[in-house]
Amino acid sequence: MKFKGVLTSSSIQLLEKGFLPTLLRFGKAAHMLVGPEEVHLVMRQTETGEEGPLVCVRLGKDVMFDRRNFVCQSKHLNLIAFEYELNLLERVLHGAYTNQADGLEMKLALRKVRSGDRMENRPFLTFSSKGSNLNMVQDLPISKPFASHEVDGLVDVIRSESVCPFYLDLVPVMDRVVATVATLRKMSDTVLVSLVRTGDAHFQAFQQWQLNTVGAEYRHLEVIPEAEGSRDRDVSQQSSPTRRLDKAREKDLHATLAVSSKQLARVLAVHAFTKPTKLLCGIDQNANFLHLLFVYVDALRDAVTDKESMSIKLSARLQ
């Protein structure tokens, strides 16, 4: 088993300012899956809590590493996985970023560590870097690399990202949606999310003490993929949000589920760390989870990239 790569200055910034703060919002530890073409940072619900989200960050090899110095080899499909503490990795990257490191080499290594009255080998990620103000070598303790069946289990989690029938892009109204959910969270621990194929998103909460429902509607959002129902005038011409939602239900043009207001507020707030070009929000066909897909642009090509993405799935709450 061998893993070595040199993080570029841009990927150090991407991780230290973007994806690590995002993951730290949900827990203290995460999994890293390194392969010949991609790196995944995964936080499962066992790490984020019973109602916490499943978070999967996908970064292409060329986004993360200098292609000239990358090696990833193992006996199981050249895949290597392990668990690590997020705050420890953040400290290493923060030191490299603050001191303007030209690059940061990371490699899998074994170190002899005293355990009681004997020495034993333990796995580490070893970081080394040189720059105008920096000459650093630092070891980050990690779990024992996963066995083959554990790697396969992590791959299954990553590949379980089933596609929803349709998504709405929340980016144009993101600040208002974040404010709305923060307000609804004060009223109830549950938020009802309803998405309509015409491009409308509804966020509602039931006030127990006043026996009424409070919510907000956001209209004319981009629908992906665009379908015949996205131009349904019977829905869009209704005179109020309640009537539009009722008509969408009548014509089977909507999807609805309830989620934890605390977790939804947390998930929406992290968009500020990575600033996606699109934040696609969908509900799976069986209404089991809310899926938020963070889409980014390759600055060099000024086009949506398939080398960088983040997926967050938030399980439905039973009402």
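**Notebook: His291, a sheet and its helices**

I began with His291, whose side chain makes a polar contact with the side chain of Tyr167 at 2.9 Å (a pair of N or O atoms within 3.5 Å; within protein, one must be able to donate a hydrogen and the other to accept it, and residues adjacent in sequence count only if both atoms are side-chain atoms). I found another such contact from the His291 side chain, to the side chain of Ser311 at 2.8 Å.

A note on my source: this is a predicted model, where local features need pLDDT of at least 70, side-chain atom pairs count only at pLDDT 80 or more, and totals for chains, interfaces and linings use all residues. Residues are numbered from 1 along each chain as its sequence is written, and side-chain values use heavy atoms, leaving out hydrogens and water.

Is His291 buried or exposed? I read a relative accessible area of 4%, so His291 is buried (under 20%, with exposed over 50% and partly exposed in between, using a 1.4 Å probe and protein chains only).

Next I looked up where His291 sits: in strand 17, residues 289-298 (strands are DSSP E runs of at least two residues, helices H or I runs of at least four, numbered from the N terminus).

Then I traced the open sheet: nine strands in the order 6-2-3-4-18-17-16-10-14, with antiparallel pairing (two strands pair if DSSP finds at least two bridges between them). Strand 6 and strand 14 are its edges, each pairing on one side only.

I also checked strand 3 and strand 4, and six bridges join them. Val42 stands opposite Cys56 of strand 4.

Last, I turned to helix 4: its buried residues include Leu89, Val92 and Leu93. Just after helix 4, Gln100 has a positive phi of about 55 degrees.
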